[in-house]
Structure formats: C-alpha cells, structure tokens
Amino acid sequence: MSTDQYVHILDIPFINTTKEQFIAQQVLPALSQNIPLHIVTANPEIVMEAHQNPRYHQIVKEADYVVPDGIGVIMASKLVNNRLSERIPGIELFERMLEIAHDHNKSVYFLGAKEEVVEQAVTNIQYQYPGLDVAGYHHGYIDIHDQAVFDEIQTEEPDFIFVALGFPKQDEWIHHYKGIVGKGILMGVGGSFDVMAGESKRAPKAWIKLNLEWLYRLIKQPSRLIRVLKLPLFLIKVLWGKYIKKG
Ligand code: UDP
C-alpha cells in the first residue's frame, strides 16, 4: 500500500481507508484466519484523552487499527496536509460487522451499557438480523478485571466482541482480553447499544451528511458541551504539533 496508509494525528496512527476497504482488507482476512483484532474508532475526544493519559495512549497505539470517527479527525488530517479518505463512524462499522456476522455465520458477544439497555439492544439486533448467532451479552457496570465475565466470554470464543463501556474503559478491557485469548474481532462501540436499544437516536441523515451529527447530539444532550468544547483545543494542539515539528 502507499506510504500514506497511515496518517498520524497527535501521535495516533489512523489508517487511511474507507469503510468497505477496511472490511475487505483488514476485517474479513482476520476473521477467516481467527486472528484477534483490536479496533479503535477514535474521535477527537479519544485522541485528546490519549494525549493526556500515557497509559491510554499506549493502549491505543498497541491496537491493531485506529479508524477516524468524527469530522474533527478529518479536519485535523487536513491541517497536517495528509487528508484521511473518509470518516468511519463507529456505529456504521458496528452495523456492517453485524451484517457480516449474520451472513458468514459468525458468533457475536455484546458487553456494555445498562442491563435493560443491552438486553433491548440484543432483542432489536436479533429482530434485524434473524438467526444471528448471539454468543451472549452482559451489562457494562463491571470492573474491567471481572473474572466471571471474562471466563464466560472466553468459554464462548465469540468471533466478534462489541464493547460499550465508554472510553478509556472499553479499550482497557479489550487490551487486557486480547492479551489472553486467541481470537475475536474486538471493537469499542461507545454509546451504540443505547442507539440500538432505541434509548438514544442518531441524527437525521441530512445532519450526518452536513457533518453536524455532533451538533444534534449536543442539542439532545446539553451535558456534552464540555466534550464538544474540546474540539477547538484538539485542532489547536494538532496545528501546534505541526509547526513545532517543522521548526
Ligand atoms: N457504560 C458502561 N459501563 C461503565 C460506563 C459506561 O457500560 O462503567 C456504558 C454506558 O451505559 C453507555 C456507554 O458505556 O452505554 C458509553 O456511552 P457514551 O455516550 O459515553 O459513549 P460515546 O459514544 O460518547 O463514546
């Protein structure tokens, strides 16, 4: 592949690809060979957290792939003159993987969110993908080293494990799990179970097209303001990093 396969933003290596290329070139081969993969769908908040938290930074850097989730990451890639091909929203990658699991008879485990939320999400997903092999599910209010949950998942050996614990917890859990088990496509999916359960909604398509999904979420959940305010800080840090390197 070209030398532009990765775009580094605040020392996080983003794979420069499209959703469908990523599925075809990274996910499907790993799935067929039972190679475990840790995928991080990183938005600016995740990059900022990694920038401030050395342990999390290490975990994200050790993940197999970091894909750009959020228009802020695409804007940052333009600032470093190395534009990423497209934004790959975590929820869309999640839905695509559910489709693949369904079509290829692969098993799926869901870890995270509140008990009633994950239960409803699994019910809705089973309705949407009839016959999907659900290896199990568990709520996310656990210690990341909870051995019982760990053992349950390990016994099932699922092909896909979707972890909705919010960051950095979800990636810490995946990092720990992947270091011990031999297989599984592992991805942190943040608030996606809430969306699947119908507890929260994605923005209307027109807003998504206009890259205004962040604004829609802010209107629905004003408590996200602190998180949104991190975006300008993130872009300033990216610019600062660019000029410091040149200087
Ligand atoms: N959550 C969890 N365990 C925790 C903390 C959070 O299972 O200890 C769940 C929470 O219920 C929600 C998800 O993690 O379903 C995080 O959602 P958030 O909106 O923070 O994620 P985002 O998509 O913004 O990264």
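**Contacts and bridges, explained**

Reader: What makes the pair formed by the ligand and Gly-166 a polar contact?

Author: An oxygen atom of the ligand is 3.4 Å from a polar backbone atom of Gly-166. A polar contact is a pair of N or O atoms within 3.5 Å (within protein, one must be able to donate a hydrogen and the other to accept it, and residues adjacent in sequence count only if both atoms are side-chain atoms), so this pair qualifies. Ligand oxygen also lies 2.8 Å from a polar backbone atom of Ala-113 and 2.7 Å from an N or O atom in the side chain of Tyr-141. The protein buries 76% of the 550 Å² that the ligand exposes when taken alone; these areas come from the Shrake-Rupley method with a 1.4 Å probe.

Please keep in mind that this is a predicted model: local features need pLDDT of at least 70, side-chain atom pairs count only at pLDDT 80 or more, and totals for chains, interfaces and linings use all residues. Residues are numbered from 1 along each chain as its sequence is written, and side-chain values use heavy atoms, leaving out hydrogens and water.

Reader: How do you know that Glu-92 and Lys-19 form a salt bridge?

Author: Their closest N and O atoms are 3.6 Å apart. The name needs a side-chain nitrogen of Lys or Arg within 4 Å of a carboxyl oxygen of Asp or Glu, so the pair passes. The whole structure has ten salt bridges.

Reader: Why does this pair tie together separate parts?

Author: Glu-92 belongs to helix H5 (residues 90-103) and Lys-19 to helix H1 (residues 19-32), so the bridge links parts 73 residues apart in sequence. Helices (H or I, at least four residues) and strands (E, at least two) are DSSP runs, numbered from the N terminus.

Reader: What makes the bond between Phe-167 and Pro-168 a cis peptide bond?

Author: Its omega is about 0°. Pro-168 lies in the loop between strand E7 (160-164) and helix H8 (169-178).
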